[in-house]
Amino acid sequence: PKASRQMGSGAPPPPCFGDVVEAQRWALEVVRRAEEEAAQRGSRGSQAWEDVWRDALWTLAVQKRCVEVEARKFVAAPPAAQRP
């Protein structure tokens, strides 16, 4: 899809840049802690497996944080601004 194409009227606005950066930082911390715990337990896999695991965990962590941010915005919005 072209970047210049405009979003439809029902599309949500793009996320705030600060929210995206915060979600990425939070996800990196989740991955770092999981790696530390695995190292403490002596749980090591192949490098390829660890790379895939790290990417998947990071992606899930970013998604989780984005959902949390959006949920807080929804709860903080006045009732008239909330859509079912």
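At 37% relative accessibility, K73 counts as partly exposed, and in this predicted model the residue offers a convenient way into the packing of two helices. K73 forms a salt bridge with D19, in which the closest N and O atoms are 2.8 Å apart. Because D19 lies in helix α1 and K73 in helix α2, the pair ties together parts that are 54 residues apart in sequence. D19, like its partner, counts as partly exposed, with a relative accessibility of 22%.

The two helices joined by this pair can now be considered as a whole. Two packed helices are described by the angle between their axes and the distance between the axes. Here the axes of helix α1 (residues 17–41) and helix α2 (residues 47–76) come within 8 Å and cross at roughly 135°. An angle over 145 degrees would count as roughly antiparallel and one of 65 to 115 as roughly perpendicular, and α1 and α2 are therefore oblique to each other. The crossing in which α1 passes α2 is right-handed. By class, the contact of α1 with α2 has 14 nonpolar, one polar and seven charged residues. On the α1 side the contributors include W26, A27, L28, V30 and V31, while those from α2 include W53, L57, W58, A61 and V62.

The charged residues of this contact lead to a second link between the helices. Side chains of opposite charge can pair when their charged atoms come close. E22 forms a salt bridge with R65, the closest N and O atoms being 2.9 Å apart; since E22 lies in helix α1 and R65 in helix α2, this pair ties together parts that are 43 residues apart in sequence. The partners are not equally accessible: E22 counts as partly exposed at 30% relative accessibility, whereas R65, at 16%, counts as buried, the cut-off for that class being under 20%. Both residues also belong to a network of salt bridges that links E22, K64, R65 and E68.

A pairing within one helix is found in α1, where E29 forms a salt bridge with R33 and the closest N and O atoms are 3.7 Å apart. Being four residues apart in helix α1, these two residues are separated by about one helical turn. E29 is partly exposed, with a relative accessible area of 30%, and R33 is partly exposed as well, with 38%. The count of salt bridges comes to ten.

One further charged residue deserves a look, namely E50, which is found in helix α2. With a relative accessible area of 8%, E50 is buried, and, leaving aside its neighbours within four places in sequence, E50 is in contact with R44 and G45.

How values were computed:
Residues numbered from 1 in each chain as written. Predicted model: local features only at pLDDT ≥ 70, side-chain atom pairs only at ≥ 80, totals over all residues. Heavy atoms only, no water. Axes fitted to C-alpha atoms, helices over the stretch in contact; angles between N-to-C directions. Parallel < 35°, antiparallel > 145°, perpendicular 65-115°, else oblique. Left-handed = near helix turned anticlockwise from the far one by under 90°. Contact = heavy atoms within 4.5 Å. Nonpolar A, V, L, I, M, F, W, Y, C, P; charged D, E, K, R; others polar. Buried < 20%, exposed > 50% of the residue type's maximum accessible area, 1.4 Å probe, protein only. Salt bridge = Lys/Arg side-chain N within 4 Å of Asp/Glu carboxyl O.
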